[in-house]
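Welcome! Let's work through a few short exercises on charged side chains and where they sit.

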Amino acid sequence: MSASQVPPVTAIGTPRITAGFDEYGRLDLVAHQEVHGGFAALSSGELIGLADRIELRGRGGAGFPFARKVRAVLDSCRRQELPPVIVVNATEGEPPSWKDKAILTRGPHLILDGAALAAAALDAEEIVIGIADDGIGQSSITAALAERRMPCPTRIVTVPHRFISGEGGALVRGINGEAHIPPGRKVRSSDNGVMGLPTLLSNAETFSQLAIAARLGPWEYNAVGIPEEPGTVMLTVGGSSTNPAVVEAPTGTPLMDVLTMCGADIGPGLLVGGYHGKWISAEAAQTVTISRKGFAGVGGTLGAGMLIPIGSKTCPLGEVSQVVQYLAGESAGQCGPCRLGLPDLARAVTLVSLGGNAVENVRQAAGVVKGRGACSHPDGTARFALSALEVFARDVEAHTNGEGCGKQVRGVLPLPYTAEQGARKLAVDWSRCDGHGLCSAVAPEIIRLDSNGFPAFPQTPLPPWLENGARKAVNVCPALALRLTEATK
């Protein structure tokens with residue numbers, strides 16, 4: 001993968017984080033200073049005061065107040081008489097998200113400015129920048145570090161480009177040389193993080209927003225956006241959009257302005273907040289303004305700023321099914337709700353997409369995992385699946401009564417499966433298939449028969465727990481029509 005794969009970047013209103021992108025492409029240190037100017041160092045008290053006054057919250061998804069994180073780290077440092085570590089989470093392991101990679105590849109010095117501000121204010125031992133091992137952004141951030149001096153030793157750590165690798169605890173474990181998975185129990189990085197030191201960990205965009213605010217000051221920073229959530233947000237708009245992009249927009253911007261700019265065909269629903277987010281209806285999307293409060297008002301969440309319209313030409317249940325399968329496969333496997341519960345949830349959602357009357361099974365499986373995991377992965381996956389049942393109720397009914405929605409799965413919701421990773425899927429040679437139906441009897445959780453008695457199944461990569469059943473179905477096909485093939489991206 002390369003930086004050329006990052007979507008185009010644009011802005012509504014006057015750009016802040018994305019200022020200079022159009023003119024310079026990527027801002028080296030000279031261009032960065034010309035566009036943004038300098039800034040003064042802050043004490044720890046000034047850092048907390050600035051973050052408080054601009055209502056700065058984490059932009060990685062959870063939205064935790066940045067000032068509270070700083071206070072917790074300072075308290076821990078004083079209590080333990082230890083120096084802190086600053087960690088920039090730029091891993092962005094969620095397939096639909098590109099905003100942090102856009103900053104990494106085009107405005108890396110803003111990220112470094114924010115990290116440097118925090119490190120100097122807290123007298124940090126070290127700065128660690130966590131990025132994914134997909135190669136996107138590494139050369140850019142490495143070059144930026146070579147152009148400047150940081151207030152303390154700074155290093156880059158790469159982590160596997162997996163969904164759960166960017167979870168805070170998983171990132172700290174990876175930096176410490178352990179497995180890149182959540183710790184399995186609640187561990188506050190502010191107390192015990194990198195090398196056992198108090199650790200201030202926040203998202204790449206969060207540090208970039210801090211760098212902008214240090215230059216503008218709270219009054220000018222708060223002049224843009226809505227009073228309770230001032231400033232701008234970085235959004236990734238993909239899905240059915242004809243012009244997918246990373247968009248910087250002031251809070252309070254109507255959602256439809258962003259979607260229209262990107263040529264989005266909403267169809268029956270829109271996913272907001274990513275694969276741990278929620279689906280909202282097309283009707284609800286008409287009324288939303290871009291903010292945490294705005295999305296919460298229609299039952300959604302801003303999360304890490306992903307906006308994914310499903311479009312009117314794709315089967316929403318098929319798309320949802322393959323994402324839940326992917327999320328189940330991304331489990332760290334450390335606790336029962338993930339290791340056992342998420343595969344059950346994936347099976348139930350897959351059955352609904354195939355026309356099975358399994359809606360209650362989905363609700364039951366989601367109820368089993370909610371609130372019981374060692375990290376947020378089970379809760380997020382359940383939220384994604386349950387909100388899909390609500391928003392796509394008409395499609396659920398059409399699939400359940402045997403008619404189907406008449407639309408194909410087009411890969412509108414991106415997934416990282418590739419043939420090289422060994423993902424497989426079912427295929428049929430229709431010139432051989434006589435509709436014996438044995439395959440559906442052997443693997444009913446994967447294959448159902450359509451109204452003409454021929455096999456029907458999702459055209460998506462099979463999760464690992466369904467491959468054995470698929471092989472059995474292939475082996476019993478008397479016409480040798482069913483086969484397993486490599487899944488392409």
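A residue is called buried under 20% relative accessible area, exposed over 50%, and partly exposed in between. Keep in mind that the model is predicted.

**Exercise 1.** Find which class of exposure Arg-347 belongs to, and which residue is its salt-bridge partner.

*Solution.* Start with the accessible area: Arg-347 has a relative value of 29%. Because this value falls between the cut-offs of 20% and 50%, Arg-347 is partly exposed. Next, look for the partner: Arg-347 forms a salt bridge with Asp-344, with the closest N and O atoms 3.0 Å apart. Finally, place the pair: both residues lie in helix H14 (residues 336–353), 3 residues apart, about one turn of the helix. Asp-344 is partly exposed too, at 41%.

**Exercise 2.** Is Arg-78 buried or exposed? Locate its salt bridge as well.

*Solution.* Arg-78 has a relative accessible area of 58%, so it is exposed, being over 50%. Its salt bridge is with Asp-75, at 3.8 Å between the closest N and O atoms. Helix H4 (residues 66–80) holds both residues, 3 residues apart. Asp-75, at 42%, is partly exposed.

**Exercise 3.** Describe the pair formed by Glu-360 and Arg-363.

*Solution.* The two side chains meet in a salt bridge of 2.8 Å, N to O. Both residues belong to helix H15 (residues 359–369), about one turn of the helix apart. Glu-360 counts as exposed at 53%, whereas Arg-363 is partly exposed at 42%.

**Exercise 4.** How many salt bridges does a search of the whole structure find?

*Solution.* The search finds 21. Salt bridges also link Arg-59, Lys-99, Asp-100 and Glu-205 in a network.

Conventions
Residues numbered from 1 in each chain as written. Predicted model: local features only at pLDDT ≥ 70, side-chain atom pairs only at ≥ 80, totals over all residues. Heavy atoms only, no water. Salt bridge = Lys/Arg side-chain N within 4 Å of Asp/Glu carboxyl O. Helix = DSSP H or I, 4+ residues; strand = E, 2+ residues; numbered from the N terminus. Buried < 20%, exposed > 50% of the residue type's maximum accessible area, 1.4 Å probe, protein only.
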